[in-house]
Each structure stands twice: as structure tokens, then as C-alpha cells.
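Here's a quick briefing to read alongside the sequence and the 3D view. Take it topic by topic, and keep the picture open while you go.

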Amino acid sequence: MENNNNQVISQKDIITGIVFIDGDLAMCTLTADGELRSTEYGLRLSFSMKKDVLGFVVEGKQIRVKAVVEKDEGICCGLFGGDFVRKDLVFEPLIDLNGWCYKLRRYLDSLGRPKRLLVFVNPFGGKKSAREIFVKEVKPLFEDADIQLEIQETEYQLHAKEVVKSVDVSKYDGIVCVSGDGVLVEVVNGLLERPDWRTAVKLPIGMVPAGTGNGMIKSLLDTVGLRCCARSATISIIRGHKRSVDVATISQRNTKFFSVLMLAWGLIADIDIESEKFRWMGSARIDFYALQRIICLRQYNGHILFLPAPGFESYGQPASCSLYREPPVSDKELGYQGPETKFERLKWREIKGPFVTVWLHNVPWGAENTLAAPDAKFSDGFLDLIVLKKCPKLVLLSLMSQLSEGRHVKSSYVAYLKVKAFVLEPGALVDEPDKEGIIDSDGEVLARGKRTYKCDQKALMSYDKLQIAVDQGLATLFSPEY
Ligand SMILES: Nc1ncnc2c1ncn2[C@@H]1O[C@H](COP(=O)(O)OP(=O)(O)OP(=O)(O)O)[C@@H](O)[C@H]1O
């Protein structure tokens with residue numbers, strides 16, 4: 001069928017009709033495959049309900065469809081920031097306003113997008129701008145998408161974890177962290193420590209970058225070529241696509257910590273944690289302190305063991321003894337206890353120290369400017385292991401400068417492989433046997449050895465053997481479509 005505007009009306013259209021746009025007559029159609037298009041004087045404007053449309057509101061006799069369009073689709077006006085431009089469609093149906101609203105709502109509802117979200121805002125993280133980012137950039141988009149929000153500002157360390165441990169998860173379609181990676185990790189740990197962790201851990205978690213380390217959201221957005229910014233992140237949450245992510249259980253005797261990002265020991269951990277002394281320098285503190293650490297390079301005694309992923313069996317040597325022990329399961333603990341797979345009797349391999357650094361990564365980006373593990377995959381069931389032993393200082397300097405592009409892993413000084421399980425036996429400094437190191441996981445200090453920075457502060461684990469095992473795709477994240 002064809003109308004006098006030459007617009008084809010298909011039997012498969014959900015709704016179609018004559019409308020006013022800016023006082024002129026036009027034809028508007030919502031097609032069965034989710035295209036909302038208007039034709040005015042032969043000019044066609046088209047939106048994908050799935051990709052572009054956030055929501056709609058009724059303004060008197062008009063419907064305002066709120067949309068964002070990816071910039072590379074040829075639109076360069078009406079700058080909205082990030083990778084998207086804002087582009088609303090306002091039309092007044094000649095007849096059947098209610099029918100239009102009903103059909104638009106029904107279509108949006110069929111997309112499985114989140115409707116109720118618990119949002120953590122950490123006013124303390126990064127440049128202390130999370131509150132402003134939330135109010136100016138995140139909240140208006142969620143409102144456009146008609147998502148109900150329960151907002152919780154975090155008031156102290158581990159507050160988010162505490163809330164997540166006791167909240168009624170059935171009330172929400174997801175949890176959003178307007179923060180750095182620290183709050184994300186608290187949320188994952190909170191969900192996994194619940195007695196109903198099997199259901200709770202399926203709740204998708206969304207990230208909006210507002211911390212110092214925004215490695216997870218950078219990894220999610222970069223994978224699809226989007227810039228790491230609050231708007232792109234929020235739009236991805238609204239669209240409601242999900243992906244699973246591996247969870248690594250780090251255990252030491254009865255103590256457990258669930259990691260979704262990384263574990264570092266040696267140079268990387270020292271730079272991460274000790275550079276806090278120079279926080280007043282802003283982000284330059286990392287480069288400044290890295291230089292200092294390379295000039296006075298430390299080497300650590302120690303021993304690592306790993307279960308290599310298929311294809312990586314040639315790294316290291318066969319392990320002389322099995323240091324991995326299946327973690328104890330306590331009757332009192334009702335939460336997640338780690339992967340059910342038994343690793344103890346498998347073919348372990350080992351590398352003996354001294355080490356400059358040992359680094360494990362679950363996702364490619366460790367921070368917005370650090371492509372630590374370029375081959376890391378969200379849910380392959382493996383961690384990427386990066387090992388650096390003795391290395392000339394000049395080479396090390398150049399390796400550090402290659403971190404932003406991930407080229408360091410190509411160096412002959414670096415062993416880069418994938419592992420399913422891992423044991424770290426950390427030792428003292430080669431040159432100062434009474435001084436030990438720091439073990440850092442997901443930006444938090446997991447263990448502080450003797451005579452380290454702030455060694456009087458309590459850490460979750462002691463500077464001693466710890467082991468890690470990966471559970472494939474255990475947690476769920478809101479993610480751009482990939
Ligand atoms: N109100 C608060 N005061 C102090 N610490 C807080 C507060 N709210 C949350 N935190 C803690 O701040 C830490 C860092 O949070 P976040 O994830 O936002 O940023 P980050 O990038 O990981 O770290 P950074 O603090 O270096 O920016 C978390 O460990 C969290 O528990």
C-alpha cells in the first residue's frame with residue numbers, strides 16, 4: 001500500500017498515521033521490526049527503538065520521543081557529548097494519541113530494559129565529582145528512559161557492600177555504581193556473601209566512570225569502540241544488554257575475596273598503592289612514582305604456580321610440589337565458596353623468583369590509560385597472567401610507556417599467558433630480606449608485608465601464600481551490545 005507521501009504502509013506496521021511535525025503534515029510509522037520513522041516533504045527521519053530511543057513523554061497533544069544517536073551515523077549537529085548526539089522527535093498524531101502511546105510503551109517494554117535500579121554514588125572516589133556526574137549526566141538520561149531509581153550515596157568504605165548484603169534484590173533490575181572500580185568490587189563481594197548468592201549474583205551491575213580506576217567500564221566500552229564517559233556508560237545501561245564476567249576467588253585459609261579485575265604484586269602493586277603518598281599531584285603521581293620505583297628497582301623473592309589454559313602449557317616448569325589446596329568450606333558460611341571444580345590434582349606449572357612484578361588480569365583495561373592485558377576476555381574462564389623478571393631499567397621504562405597501548409606484553413622480557421588457577425607465594429625483597437611487599441587486588445590492599453607503606457594498617461589477608469581460582473561468567477554486567 002502507498003499513501004500520497006509515497007510512504008509504503010505495510011501490513012506489518014505496528015501503528016501508522018498522519019501527524020503534525022512543527023505544524024506541517026507528515027506520516028509517522030512504528031514498524032514491526034522497531035523502526036520509528038517520519039516522512040515530511042519526502043524527508044525521512046528514522047530511529048531504531050532498540051538502539052536510539054530512550055523513552056517518550058506526552059506534552060499536551062504531542063508525543064516527544066527522546067532519542068540518542070551514535071555520532072558515526074552521520075549526524076554532527078546538536079552535540080550531546082561523548083559518542084552520542086541527542087535527537088528528539090516531537091509529533092502530534094491527528095487521531096489516536098492514546099493508541100500511539102500504548103504501542104510505543106508496549107514496544108519499549110518488550111525490549112527487556114531495566115525499570116528499577118539501585119544506584120550507588122561514591123562522592124569520595126576519583127576527583128570527587130561523582131555527585132555532579134550523577135546529577136548532570138546520569139540522572140537526566142535515566143529519567144528520559146523512565147527508569148525508577150533508588151539512590152544511595154556511599155558514606156564510608158564498604159558501605160555499598162553492607163547495603164548489597166541485606167537489600168531485597170527482587171526489588172531491582174540491576175545495580176549501578178557511579179564510582180570507580182572499588183565500589184563495583186564491593187557490590188560483587190556483597191552479592192556473593194549472601195545466602196541467596198546464586199540468584200543475587202545474576203543481578204546485572206552497571207558502571208558509570210567516576211573514580212580513579214575505571215578499568216571495568218573502560219574495558220566494556222572500548223571493546224565496541226565507545227569512549228569511556230558517563231553518557232555512553234549510562235546509555236548502555238538503559239539499553240539493557242548484558243554480558244557475563246568471570247569471578248576470581250582469592251583465598252587464604254578461611255578468608256576469601258572475590259575479584260573481577262586484577263591482582264598485582266611487586267612493581268605494579270607498589271606503584272598503585274605507595275603513590276598515594278603523592279595524591280596531591282593528581283594523576284601525575286603514577287608516572288612520577290613509577291619513575292622513582294624503576295630507578296630504585298626492587299626485586300622480590302617468591303614462587304608462583306599456575307594451571308595453564310590450553311595452549312599455554314609450555315610456560316614455566318612442571319611444579320615440583322602441589323601448593324594448591326581446595327579451599328575449606330565452612331558450615332557457618334552460607335555465601336559463595338569459590339568454584340566447584342577441583343584443581344588440586346591437575347598439571348600445575350611453576351616459575352621461581354626473583355620477580356619484578358606479577359600481574360593477573362580478568363579484563364583488558366586496568367585503568368582508563370592502562371591496557372594491561374590486551375587479550376583478556378570477560379568470560380573465557382581464565383585470567384591473563386603477566387610476569388616480569390629481571391629486566392634492564394631502560395627496557396622497563398619503555399615497557400611502562402607502552403602500557404597504554406598494551407604493547408608491553410610483546411616484549412621478550414614479559415611472559416604473557418592465560419591461567420585457570422594460580423598460587424602466589426610472596427617473599428621478601430632480594431636486597432632487603434627484612435622488607436616485604438604489597439599485594440593489591442582490584443585497587444585495594446589485600447596484604448601488606450613487613451616494613452611496607454602503612455604496614456601498621458590492617459589488611460584482609462596476611463603476606464603469605466594465597467591462591468586464586470576462576471569461575472567462568474559468574475557475575476553479570478550491563479554492557480553495550482557487542
Ligand atoms: N563516603 C566515603 N568516604 C570514604 N571512602 C568511601 C566513601 N564511599 C566509598 N568509599 C570508598 O572509596 C573507595 C574507592 O571508591 P571508587 O570505586 O569510587 O574509586 P576508585 O577509582 O576505586 O578509587 P579512588 O578512591 O582512588 O578514586 C572504595 O573502597 C569505597 O569503599
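Of the 482 residues in this protein, 45% count as buried. Keep in mind that you're looking at a predicted model. It has ten helices and 24 strands, so there's plenty to click through, and the points below pick out a few places worth a visit.

**Overall build**

- The radius of gyration is 26 Å, which agrees with the value near 23 Å that a compact globule of 482 residues would have.
- If you draw a box along the principal axes, the C-alpha atoms fill roughly 85 × 50 × 45 Å.
- Take the contacts between residues at least 6 apart in sequence: 69% of them join residues at least 24 apart.
- One pair to look up is Arg105 and Gly55, which are 50 residues apart in sequence and 8.3 Å apart in space, C-alpha to C-alpha.
- Arg105 itself belongs to helix H1 (residues 97-109), and it is partly exposed, with 13 other C-beta atoms within 10 Å.

**Around the ligand**

- The ligand is surrounded by 21 residues, and the closest are Gly125, Ser179, Gly180, Gly182 and Gly211.
- Which helix gives the most to this shell? That's helix H4 (residues 181-192), with four residues.
- By type, the shell splits into 13 polar, five nonpolar and three charged residues.

**The annotated domain**

- UniProt, in an unreviewed entry, places a "DAGKc" domain at residues 112-254.
- That span is 41% helix and 24% strand, and its end C-alpha atoms lie 40 Å apart.

**Helix H6, tucked inside**

- Why is helix H6 (residues 215-223) described as largely enclosed by the rest of the structure? Because seven of its nine residues are buried.
- The buried ones are Gly215, Met216, Ile217, Lys218, Ser219, Leu220 and Leu221. Notice that a lysine is on that list.
- The cover over these buried residues includes helix H4, strand E12 (205-209), helix H7 (230-239) and strand E24 (466-478). You've already met H4 in the shell around the ligand.
- After H6 comes Gly225, with a positive phi near 80 degrees.

**Strand E24 and its partners**

- E24 also helps cover H6, and ten of its own 13 residues are buried, so this strand is largely enclosed too.
- Strand E13 (residues 242-252) runs antiparallel to E24, and nine bridges join the two. Within that pairing, Ala248 has Val470 as its bridge partner.
- Strand E21 (residues 414-429) pairs with E24 as well, in the antiparallel sense, over four bridges. There, Val423 stands opposite Gln467.
- As you trace strands like these, here's a handy rule: in a regular strand the side chains alternate between the two faces of the sheet.

**The E22–E23 hairpin**

- Strand E22 (residues 438-441) and E23 run antiparallel and are joined by four bridges.
- Asp440 has Val445 in E23 as its bridge partner.
- The two strands form a hairpin with two residues between them. In the turn, Asp442 has a positive phi of about 50 degrees.
- Strand E23 (residues 444-448) is largely enclosed by the rest of the structure, because four of its five residues are buried.

**Backbone oddities in the loops**

- Asp96 isn't a glycine, yet it has a positive phi of about 65 degrees. You'll find Asp96 in the loop between strand E8 (89-93) and H1.
- Is Asp96 buried or exposed? Asp96 is exposed, since it has 12 other C-beta atoms within 10 Å and 12 or fewer counts as exposed.
- Asp146 is another residue other than glycine with a positive phi, near 60 degrees. Its place is the loop between helix H2 (130-144) and strand E10 (148-153).
- With 16 other C-beta atoms within 10 Å, Asp146 is partly exposed.
- Where does Pro354 sit? Look in the loop between strand E18 (349-352) and strand E19 (357-361). The peptide bond joining Gly353 and Pro354 is cis, with omega about 0 degrees.

Technical notes:
Residues numbered from 1 in each chain as written. Predicted model: local features only at pLDDT ≥ 70, side-chain atom pairs only at ≥ 80, totals over all residues. Rg over C-alpha atoms; globule rule 2.2 N^0.38 Å. Buried ≥ 20, exposed ≤ 12 C-beta atoms within 10 Å, placed from the backbone. Contact = placed C-beta atoms within 7 Å. Near = placed C-beta within 6 Å. Nonpolar A, V, L, I, M, F, W, Y, C, P; charged D, E, K, R; others polar. Pairing = 2+ DSSP bridges. UniProt positions renumbered as here; feature names shortened; annotations may be inferred.
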